[in-house]
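Please look through the structure below and follow the chain from one end to the other. The paragraphs after it take up a helix, some strands, a cavity and a few ring contacts in turn.

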Amino acid sequence: MFAGKGAVWFSRAVALAAIAVVACVGLTQAQPEARFNCNSANIPTCRALISYSHPNTTTLGDIQKLFNVKHILDIVGANNLPSNATKTYAVGPNEVVKVPFPCRCSNNTGLSDRVPLYRIKKGDTLYGIATTTFAGLMKWPQIQVANNIADANNITTGDMLYIPLPCSCDEVGGKSVVHYAHLVAPQSTVEGIAEEFGTTQQILLNLNGISDPKNLQAGQILDVPLQACSSNVKNDSLDYPLLVPNATYAYTAHECVKCKCDSSNNFILQCEPSQLKPTNWSVCPSMECSANVLIGKTISSDSCNRTTCAYTGYRFHNISAEAVTENTCAVPPTPSGSGGSTGSDSGASRTTLQGLFWSNLFIVIHFVLFLVYVL
């Protein structure tokens, strides 16, 4: 008799525990998918950035391979690393790296343009690919929809998956920016993130549809606009629009040209010959405004004006340059967009998704044990 009752109690406990696990796993997926507005009509494609970190030591080369970044120098410049950094450059545990990728606007939403592509390994699941391999930068249902997978539990080893990353090409407050998909760390606040990346709390709230800054959660993907330097690149250039965020640099024109954005130069892009071997050309073409006047060279200057040989773009086998006069006394632009801080404490959620999982699982297990005791 008691054995029969024990079996009943045990079966009930197992059933309740199973329900608890399912409920707690559901909490880890409760956070909404990151969807960035992208309504750009004039610029349907652009360069965007996303944050990535790994719990163990990794290398720039591993990150380059995972995200299908064409040139390692693109990652090097986006993180303002020494220009001689190579694929073996070590990235410490949980160190955040900004990864550049092409973004495309479609149906008012921005997603990575056909990259990265990931080859399914033995034992992979969509959930594991989303949360572990790509560090929670997207939800597994997004991968399922993007690849037209009928059954999320039935994927084939060796198949290629397109991994959709959130992005945008939109201007913010009438200004060109580089949109950075920022993974919110524990203990973060909207105000602190705004200060770190040179924008305002109100801009972040508006851009991400957040009504109360205290609703910010660890693990959330936040659209952060990074102020970019103005450039003289023409709209018929193959690298238009060349947007380089503050305190970073980028290589262009098949790596013949290096362009740096620095707030000390009034957010005016400064370009010069890279002195590197080009990627698609046998040699770099001429980069002169006139005889012996290369891009980046100052032609003349006075107290508030400076005329330089400026990079204006490239097409096919030509690099164009023109003499451009810049106002060096102009007031630097304000942070991307408009609107100021609310001035209130923007305390974000201090609870990570993992914390929610384990704390709720602990409570439910105790509840199950209580039921076993009283039944």
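Asparagine 68 comes after helix 2 and has a positive phi, near 60 degrees. The model in view is a predicted one. Helix 2 itself covers residues 60-67, and it is largely enclosed by the rest of the structure because 6 of its 8 residues are buried. Those buried residues are Leu60, Gly61, Ile63, Gln64, Leu66 and Phe67. As background, residues three or four places apart in an α-helix point the same way, because the helix has 3.6 residues a turn.

Phe67 also belongs to a cluster, in which ring pairs link it with Tyr52, Tyr118 and Phe134. In total, the structure holds 6 aromatic pairs. One of them is formed by tryptophan 281 and tyrosine 314, with 6.0 Å centre to centre and 85 degrees between the planes, which makes the pair edge-to-face. This pair links distant parts of the chain, as its two residues are 33 residues apart. Tryptophan 281 is in the loop between strand 13 (270-273) and strand 14 (288-290), while tyrosine 314 is in strand 17 (residues 305-315). Tryptophan 281 and tyrosine 314 are both buried.

Now turn to strand 12, residues 257-261. Which of its side chains are buried, and which are not? The side chains alternate along the strand: Val257, Cys259 and Cys261 point to one face and are buried, whereas Lys258 and Lys260 point to the other face and are not buried. Lysine 258 lies over the face of tyrosine 249, 4.5 Å from the ring centre. Lysine 258 is also the bridge partner of tyrosine 251.

Strand 12 has paired strands to consider as well. Strand 11 (residues 248-252) runs antiparallel to strand 12, and 5 bridges join the two. Their hairpin has 4 residues between the strands, and alanine 253 there takes a positive phi near 50 degrees. Strand 12 also pairs with strand 13 in the antiparallel sense, over 4 bridges. In that pairing, cysteine 259 stands opposite cysteine 271 of strand 13.

Where is empty space left inside? A search of the whole structure for cavities of 30 Å³ or more finds 1. The largest cavity has a volume of about 80 Å³. Its lining includes Ile43, Cys46, Asp170, Glu171, His179 and Leu243. By class, the lining has 6 nonpolar, 3 polar and 2 charged residues.

A last contact involves another lysine: lysine 98 lies over the face of tyrosine 180, at 5.3 Å from the ring centre.

Conventions. Residues numbered from 1 in each chain as written. Predicted model: local features only at pLDDT ≥ 70, side-chain atom pairs only at ≥ 80, totals over all residues. Heavy atoms only, no water. Buried < 20%, exposed > 50% of the residue type's maximum accessible area, 1.4 Å probe, protein only. 1 Å grid on protein atoms, 1.4 Å probe; cavity = no way out; pocket = protein on both sides within 12 Å on 5 of 7 lines; lining within 4 Å. Points joined across faces, edges and corners; volume = space filled by probe spheres on them. Nonpolar A, V, L, I, M, F, W, Y, C, P; charged D, E, K, R; others polar. Phe/Tyr/Trp six-rings, centres within 6.5 Å; stacked < 30°, edge-to-face > 60°. Lys NZ or Arg CZ within 6 Å of the ring centre and 35° of its normal. Pairing = 2+ DSSP bridges.
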